[in-house]
Amino acid sequence: MTAAPIPDHEEARLAALDAFGILDTPAEDGFEDIVLLASQACRTPVALVSFVAKDRQWFKARIGFDPCETPLAQSVCAHALGRDGRGRDGLLIIPDLTRDPRTRDNALVGGGPQIRFYAGAPLNTREGFAIGTLCVIDTVPRPEGLSEAEQATLGALARQVMVQLELRRAIENREQALAARTLVEEQLRLAVEATGIGIFDFDLTSGELRWDARVRALFGVPARGPVTYAQTFLDGVHPDDRARTDAAVQAALDPAGGRVIDIEYRVIAADTGALRWLAARGQALVEDGVTIRFVGSVRDITEHKAADLALKATEERYRLAARATTDAIWDWDLAADHIRWNEALTLAYGHDLAVVEPTGGWWLAQIHAGDRDRVANGIHAVIDGDGDIWTDEYRFRRGDGSYAAVIDRGYLIRDGDGRAVRMIGAMLDITRRNETEARLRLSEERLSLVFQAAGAVGWWDWNIPDDRMVANALFSGLHAVDPADAAAGLPLARFTDGIHPDDRGWVIERIRHAIETAGEFAEEYRLPQADGAVRWVYARGRGYHGADGRPLRYPGVSVEITERKRTEAALAASQARLDTVLQTMPVGILLAEAPSGRVVFGNPRLERILGHPALHAADRAGHAYHADGRPVAPEDYPLARITAGGADHAELEAHYQRPDGSRRWIEFIGEAVKDAGGATIGAVVAVSDIEDRKRAETQQDILHHELGHRLKNTLALVQAIATQTLRNVTDVDSAREALSARLVAMGKAHDILLSGHSEGAGMEAVLRGALSIHDDGGLARFRLAGPDLAVGPKAALSLALMAHELATNAVKYGALSVPEGSVVLRWTVEGDGAEAEVHLMWREQGGPPVVEPTRKGFGTRLIERGLVGAIGGAVTLAYPAAGVTCTVTAPLSGLAEA
């Protein structure tokens, strides 16, 4: 610490101080008001009226500072007295006491209370001697110092201190004293008004609260006359702050309390409703243990509060950003050679902040010796005036001794004179980026070799800003572009012109979307060829953006898929034929591979017959019995005899035991599925419930021959279609789903015919059987009503298929596609004798709005021709918006025919 110089006229200065007789006198309101105003005006927690004596500095009035005096060696005010002891024109302002050589070693700076900012105005006598200062002190540095208004206020209040001293000295002459006091009060009032601070005086004996014009304006109270405490604090203070503010006032008024209030709160102006922030400081006056007065000041801090909140928000965002980032952020105070680092120095580089030397020397020492001189020279070139931004890439030593490749960027801050005072920057670890770039170069080299070796793969790379697209010979040839031109680069439009007209528009739109979103393009489209053929390609690419977010590149590859498309088309046609046939199957169907015997398909009819989804011989061993009671061996099942035993055809009648313990007579008929070379590749097995046939021997023979005939014809057709299906099938699940949906209706009709003792069935039974698979709630969504009519086998099958197709369409598109939809199905008989007719009406309700289809599919034709084609009559399909309706009129005599 540099001691304050002893003024040249020290003896005369001390004599001037002694003449006032001020040292060691009690506190006085006038001086206390001045330090309160100084603290409010300059926004500091500490304000002092300090007199510098021979060996000490003594405080006549103080706020925010406990000691009443300090040794002269600790005095900062002494530096404001001037070399000649006659004061100075301006204020002494020290923004940061820790950095000023005169004060950085001061005990009040290094120890408690750790003061950091000082501003003092000298107290000059009429003779010009500086006997002390009016000073304000803060515990944080204030690089900006004091504003011009704050400096002017501090100087004015310092002059009021001297007026108070002169008043005390002139008190012997009463008239002179009164005149001086009036002058002081007027000058003090003017000084207060200049600071924008309002004064209040609360007389507790009378309950009267006196405000000056400034405070009345803030609270919106009448301009003249006394007001009560309740009229202001209970009405003017913001409701959210009222209880807190009132509690602070009451605590200050308590004689046993702190007697001092220092609080910030909000008020709502009664006249405008404006919300303002106020800072109030007050002092309670106690006599004989009773609080008689409460005086203080109020200052409008709305703008300061808004700025403070904004600053805190900014600082908080900066703090969170510094903690969240993996960049090592540094702040270098060039004057003090002090560097502050964020936590990333530990997290990313392993250096403990607690032991890191906060100097530029430590940082440069961590830089690789091969890079250190270049980095140091670059930084000094910027500091010495070569720009305001420094950036470099170098190797930085981690805590474990290894080196990270980093990119560092610093921004230089200069003061008003252009001198470099700070540099703030961020250091990013780019080790992985460099490694990734190296791997990318290697990957690109390998990819180039792969493309050269794989002649069936086309590739392209489009430079978007230049609209220059390069491609290999395969890709350009398919798009009708000369390979030489494609290798040199062409606009994108030259390639998209080669796309089929029906595909070109949507392909360009998908490319545009991938570019704008930096997303992926993966599409199949057609390319017309010069010979009239059409070829299919599958292209996959991705859009990439630059650092500025603008589209930069669009690379990709393509392969020709023409043969795959042809195969898919053939498979789809074959599958459609298979679906049509299997939908009419009246039996359970089982499809398995050979030689493993693995079941790949089992329709719902099979599950209802057996009680479980599929039948594998090894799993069902001991569950089926011959007529004489012997268990059926696993190898005797048709599936096993074909897939494992090599048989082409196998049949089995067995008394089958279901999982629920019941037994039914079941018939299994299996046929081998062979490839073009005659090798067995699978087996198809038809499964039928023949319990009724076994019970009634007569009927059994009839049903047996009929069922055998139907099964053999059906299996012959299934065998042929299955041969084509198994040869090209790629998705077993899709095959299973398609077969299942269309076999159900015929299986249900077959169930109804076999469930009774005759070849006929009831109308409601046929319809319920056909519709049961479309409602898991026991037909709760179907409302069936009509007389009990007998239906013959021919009509029953057609009626079941028609009802199934109507329900299927309702599930997909109509009333049954939503939970609240339902179907009304009613039938009546009109007329007598041979002229009698059956009227059947299907009406959907509660579904989505109906739109009439633009074309008729297989299902629609089956509805229109099904029952009518079997027994005659007419069918009408209508598509009102409320729901599809179907009306059937048929002769009653034809309904019951065998």
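This section describes a helix pair, the internal cavities and one open sheet in a predicted model.

Two packed helices are described by the angle between their axes and the distance between the axes. Helix α2 spans residues 29-42, and helix α4 spans residues 148-169. Their packing angle is about 175 degrees, and their axes lie 10 Å apart. Angles over 145 degrees count as roughly antiparallel, so α2 is roughly antiparallel to α4. On the α2 side, the contact is made by G30, F31, I34, L37, A38, A41 and C42. Helix α4 contributes E150, T153, L154, L157, Q160, V161, Q164, L165 and R168. By class, the contact of α2 with α4 holds 10 nonpolar, 4 polar and 2 charged residues.

Empty space inside the model was examined next. Rolling a probe the size of a water molecule over the atoms shows where empty space is left. The count comes to 8 cavities of 30 Å³ or more. The largest cavity has a volume of about 100 Å³. Its lining comprises 14 residues. Nearest the centre of this cavity lie M469, F475, H479, I511 and Y525. Three elements give two or more residues to the lining: α16 (492-496), α17 (501-517) and β20 (520-528). Helix α16 gives the most, with 3 residues. The lining of the largest cavity divides into 12 nonpolar and 2 polar residues, with no charged residues.

The second largest cavity holds about 70 Å³ of space. Its lining consists of L48, Q57, F59, F65, Q74, V76, C77, L108, I115, Y118 and I137. Of these lining residues, 9 are nonpolar and 2 polar; no charged residues occur in the lining of the second largest cavity.

Strands of a sheet pair through backbone hydrogen bonds, either parallel or antiparallel. In this model, 5 strands form an open sheet with mixed pairing. Their order is β31-β33-β34-β36-β35. Strands β31 (782-785) and β35 (874-878) stand at the edges. Each has a single partner strand, so one side of each is left without a neighbour in the sheet. Direction ignored, neighbouring strands are turned by 10 degrees against each other on average. At one edge, β31 pairs with β33 (residues 822-830) in the parallel sense, over 4 bridges. Residue R783 has V824 of β33 as its bridge partner.

Helix α26 (residues 793-812) packs on this sheet. The helix touches β31, β34 (837-845), β35 and β36 (885-891). The directions of α26 and β34 make an angle of about 15 degrees.

Technical notes:
Residues are numbered from 1 along each chain as its sequence is written. This is a predicted model: local features need pLDDT of at least 70, side-chain atom pairs count only at pLDDT 80 or more; totals for chains, interfaces and linings use all residues. Side-chain values use heavy atoms; hydrogens and water are left out. Axes are lines fitted to C-alpha atoms, for helices over the stretch in contact, and angles run from 0 to 180 degrees between N-to-C directions. Angles under 35 degrees count as roughly parallel, over 145 as roughly antiparallel, 65 to 115 as roughly perpendicular and the rest as oblique. Contact means heavy atoms within 4.5 Å. Ala, Val, Leu, Ile, Met, Phe, Trp, Tyr, Cys and Pro count as nonpolar, Asp, Glu, Lys and Arg as charged, and the others, Gly among them, as polar. On a 1 Å grid over the protein atoms alone, a cavity is a set of points where a 1.4 Å probe fits but cannot get out, and a pocket is an open set with protein on both sides within 12 Å along at least five of seven lines; lining residues have an atom within 4 Å of a point. Grid points are joined across faces, edges and corners, and a volume is the space filled by probe spheres set on the points. Two strands pair if DSSP finds at least two bridges between them.
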